[in-house]
Amino acid sequence: MNVHENIIEEDEIDLSELFTTIKENLKTVLYITFLFIFLAIIYLYWSRNIYSSNTIIALEEKSQSGLTMLKNSMLSSLGLGGVSGSIDIKTAKIKLKSRKYIATLLNKLNISMEYYIERNFKKIEFEKFNNFKINLKIKDIELYGEEFKLKPINSKRYILEVKAINYKKEHSYGELVNNSHFRVKISKREGVDPYDMEKEKDNIITNYIYNTFKHKIYIFKKLDKDAQIDKIIDNLNIEDIKSASNMFKLEYKGTLAKKTKEIVSQIAKSFIRDTREERENELNRQLKIIDKQIYDIRKNLNTRVKRLEKYEEKSGIAIMSDPALLLEDIDKKKQGIDTISLQIKEINNFINNLNRGDIITSVPLMGVGIDTTSIQPLIDSFISSSEKIRELELQKENINKSVTSNKQIASFIEDLKNKNNILENLLSDFTEEHPQVIKQKKEIERLIDKIYNNIEINLEKFQKNREITKENILTNISMVKKTLLRKLEVLEKDINKREKLLKSMPSKKMAHNELKRDWGFNQSIYSTLLQNRIEIEVSKVSMRANTKILEDAYIAKKPDSPKKRLILIVSAVTGFIFGIFFIFFKESLNKKIRKLNDIIPLTNSIILGEIREGKNNRLSKEDFRMVRTNLQLSSIHQNSSCNIILVTSTIDGEGKTIISANLARIFSEINRKVLVIDLNMRKPKLHNEFKRKNSIGISNYILQDIEISDILINITANLDFIPGGAIVSNESTLLMNNKFEKLIEELKEIYDYIIFDTPSLIPYSDTRLLFQYSDIVLFILRANVSFKNYIIDFENFKKTHKMKSSGIILNGV
C-alpha cells in the first residue's frame, strides 16, 4: 500500500504543483522582476526625452462662385486663363515634407550644430554652450556628424579630441585651429556652465556619482545639409483636423523643449509667408496678363468703332432708320437677358452655398449688379455666427487649449489648466487614491462638464441665430430672384416680337447690325476682364486674411517619451512573467529530485516519507515518527518477530547513516529492543552519530575470537549499537563468513528491530550480500543531490536481486 495515495483530482494536483513551484522559486521570480525593473531604470536613465510642440494652420478656402467659374470658362476659351484656386491641404502636406522646401528653411531653423555634455556616464543635450563661443567649419566631409570633444585643462587651455581622425591636441582659448580637416575657434565667454545647470537638478545619487568621477567634457558636432533635412522630415508630422477641411495641425518632435517649439513656429511662419507670397505672385501674374488683355481688347474696340463709323458713312445710314433702332433695341434687350441670366445664376450659386453652409460673400452678387444693401447686415451676421460655431466646435474637440474668442469659456479653460497643473503636482507627491487627488479630479470633471455645457449653450444660440438669419437671407434673395425672372420673361417676349420685324430689313442694315453686335461682344469681354481684375484684387485681400496661424506653438512642460511610469509597469509585469517561465524552464531541465512528486511516477516501492532539513529538531522527529508509522503499517511485521531493516543509497552523502541512527532512536521510544549495526566497514561513521569510539566492532568480532558483549555498546535502555570496528578492505569476505551469519541469527532472538547501516550501492557490492538477511531495504535519496535516474537504477537493481520488500525515504527536503 502506497501511503501517499490520495483522491485529489489530477488537475488539482497539477495546479497545486504549479503554485508550489512558484512559491519555492519566488525569490528567483522576484530577482528577475527586479532585474527587469533595474534594466528599465537604466534604459530610462540613458534614454533621451522627446518633446513635442504643435501649431494649427488655416488655409484660404478653395471655393469659387458660379460667376467666377463662368468667367473663367469664358476667359479660358479666349486663351486668357482664369482666377486660380488656393493651395489645398494635400498640396500643403507634400510641400512641407519635401526636401526641396525644407532645404530653404535650414538657415532660419539653426539646427546645423548639436551640443552635449558628458555627465554621470550619459550625454545631455543643450541648445548651445553659454560659457563657450564655438566657430566650426568642416573641410573633410567625413567629419560631418562626428563628435568634437572639448576637455578644459584650466582657465586658459583645453584639449580638443576628434576620434574620427585620431586628433588630440592641447590649445589655448581664442586660438584659431586650422588644418586640412577642419577649422575651429573656441573662445570663453560669460555665461552659465551647463554642468552648473545640471547640478541644480541633482539628487543624492547623481550628485555622489558626479563628485566621485568629476570631470568635464563638452561635445559638439556639425550636421551636413542632408542630415539636417532628414532630421526635420523624420520629426515633422502633419495631421488633418476633421472638423475643418481647410485646417491642419503641424507637429514637431525633438529632444529640447524650447528648440522644438522654435522649430515648429519657424516652419509654420515660413510656410504661411511663402504660401502668401506664392499666391500673391500668382495673382499678380494673372493681373499682369489681364491688364495686357484689357489693353488689347480696348484697342480692338477702338478699331471696331472706327470700322462701324466708316461703314455707316459709306452705306449712307449714319442717321439710323427705324429698323436700325429696332435692331439696336433688340441687342440691348439681349444684353439685358445675359445680365439677368448671370444675376440669376449667381443668385442660385449664392443660395446653394448658403444651404450647404459654405463661406458666403456679397462680392459676386455686387459684381453682376445686384444691390445687396438690404441683405448685407444679414450676410455679415450669418458669417459671424458661422465663425463662432466653427471656433466652438474646434474648442469642443480640444478643451485643453483656448481657440475661441468667448471670454467666459477662455476663462474656464485657463482655470482647467491651473487645476490640471495642481493635479500633476499632487500626483508627484501622492497616489491616485489620495483624498486630495480624488477631490481635485472631481473638481476638474465638474469644470470640464461646465465648459462643455457652456460650449453647447453657445453653439445652440449661434446655430439658432444662424438659421434665423439664413431664412431671412433666403426670403430676401428669393424675392430678388422672382423679380429678375419676371423681367427675363418680359424681355424674351419683347425680343421675339421685334425679331419678327427684322426679317424685312435690307442687307446693308443687317451687315451694319452685325458689326454692331461684334462690337458689343468685344465690349462684353472687356467688361468681364474688368470684373475679373476686381475679383483677383478681392482674392488677394481674402487670402491674406484666411491664410494664418490659428494657434501658436507652445513649450512642452513634460516629454512625450519615454513614458516612464508605463515602461516601469510593463518591465515589472514582463519580468514577473519571464521569471515564471524561467523557473518552469529550469525545472524542465532539472534532473535532480526535489520533492516526493518527483519520485512517485518512477517507482513502485513504498514511499515511507520525507525528512525535512532545518534547525528545528521537533520537525525532524515528527518526520521520523511518520516513517516509523509507515514501516509499521507495511507488510514486514507479518513475517517474523524481529525485523531487519537495511539502509542504503546510491552514493555517499545522501544521509543513510544519519537516518539509520535516527530510525534506531525513534523505534526504541516505543519500548522495542533495537540494535543498529555499522556495516560500512570501509568507512565507518555511525559511531559519530552516537558520540562513541570505534575502537572495536563488527570487523574485530569476525576476524578475532571475542564475545558479542565485547562489541555491543548500550546507548539507551532499548537501544544498542555495534560499531564498524577496524577498517578493512575485504568487507565482502567478512560478510560471507559463517560467523557473521550465526551472529545475525543470535541477535534476532534478542532484538525486535535490527538496522543495518551499509555502504552505498555504487561503487561497492558489499550491500548486495546483506539483502538475504533484510526484511526491507530502505533506499535513501537526498533532495537537490540525488538524480532521478538513481530511482530507475534502483528499480532495475530490484529486478536482478532478491529483495523481500523495499521502501524509499527522501532526505534533506
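**Surface patch, salt bridges and ring pairs in a predicted model**

I569, V573, F576, I577 and F581 form a nonpolar patch on the surface, and their accessible area together is about 490 Å². The model is predicted. F581 belongs to helix α17, which spans residues 564-589. The relative accessible area of F581 is 61%. This residue therefore counts as exposed, the cut-off being over 50%.

The protein chain has 813 residues, and 42% of them are buried. Its secondary structure comprises 25 helices and 21 strands. The accessible surface of the chain comes to about 44700 Å². Carbon and sulfur atoms account for 53% of that surface. Among contacts with a separation of 6 or more, 76% are between residues 24 or more positions apart.

Salt bridges were examined next. Side chains of opposite charge can pair when their charged atoms come close. The count for this model comes to 23 salt bridges. One of them joins D230 and R99, whose closest N and O atoms are 2.5 Å apart. D230 lies in helix α9 (residues 225-235) and R99 in helix α5 (residues 99-103), so this salt bridge ties together parts that are 131 residues apart in sequence. D230 is partly exposed, at 32% relative accessibility. R99 is also partly exposed, at 36%. The pair belongs to a network of salt bridges that links R99, D226 and D230.

Helix α9 contributes to another salt bridge through K231. The side chain of K231 meets that of E114, with an N to O distance of 3.0 Å. E114 lies in strand β2 (residues 113-119), and the two partners are 117 residues apart. The pair thus links distant parts of the chain. How accessible is K231, and is E114 buried or exposed? K231 is partly exposed, with a relative accessible area of 25%. E114 has a relative accessible area of 9% and is buried, because the cut-off for burial is under 20%.

R612 and D623 form a further salt bridge, at 2.8 Å from N to O. R612 sits in the loop between β14 (606-610) and α18 (617-633). D623 lies in helix α18 itself, and the two residues are 11 apart in the chain. R612 is partly exposed, at 36% relative accessible area. D623 is buried, at 7%.

Aromatic contacts form another group. The count comes to 16 aromatic pairs. Y115 and F129 make one that is edge-to-face. Their ring centres are 5.1 Å apart, with 70° between the planes. Y115 lies in strand β2. F129 lies in the loop between β3 (122-126) and β4 (132-138). The two residues are 14 apart, and the pair links distant parts of the chain. Y115 is buried, at 12% relative accessibility. F129 is buried as well, at 1%.

F690 and F721 form a second pair, with ring centres 5.0 Å apart. Their planes meet at 40°, so the arrangement is tilted. F690 lies in the loop between α20 (686-689) and α21 (698-703). F721 is in strand β18 (residues 719-722), 31 residues away in sequence. F690 counts as buried, with 5% relative accessibility. F721 is buried too, with a relative accessible area of 0%.

Y115 and F129 are also part of a cluster. Ring pairs link them with F132, Y158, Y173, Y195 and Y218. Strand β2 thus holds Y115 of this aromatic cluster and E114 of the salt bridge with K231.

Charged side chains also sit over aromatic rings. The charged end of K461 is placed over the ring of F462, 4.9 Å from its centre. K739 has its charged end over the ring of Y701, at 4.6 Å from the ring centre.

Definitions and conventions:
Residues are numbered from 1 along each chain as its sequence is written. This is a predicted model: local features need pLDDT of at least 70, side-chain atom pairs count only at pLDDT 80 or more; totals for chains, interfaces and linings use all residues. Side-chain values use heavy atoms; hydrogens and water are left out. Patches are made of residues with over 30% relative accessible area and no salt bridge: like charges are joined within 9 Å, nonpolar side chains (Val, Leu, Ile, Met, Phe, Trp, Tyr) within 5 Å. Accessible areas come from the Shrake-Rupley method with a 1.4 Å probe; for residues, only the protein chains shown count as cover. A salt bridge is a side-chain nitrogen of Lys or Arg within 4 Å of a carboxyl oxygen of Asp or Glu. Helices (H or I, at least four residues) and strands (E, at least two) are DSSP runs, numbered from the N terminus. Buried means under 20% relative accessible area, exposed over 50%, partly exposed in between (1.4 Å probe, protein chains only). Rings of Phe, Tyr and Trp (its six-membered ring) pair if their centres lie within 6.5 Å; planes under 30 degrees apart count as stacked, over 60 as edge-to-face and the rest as tilted. A charge sits over a ring if NZ of Lys or CZ of Arg is within 6 Å of the ring centre and within 35 degrees of the ring normal. Contact means heavy atoms within 4.5 Å.
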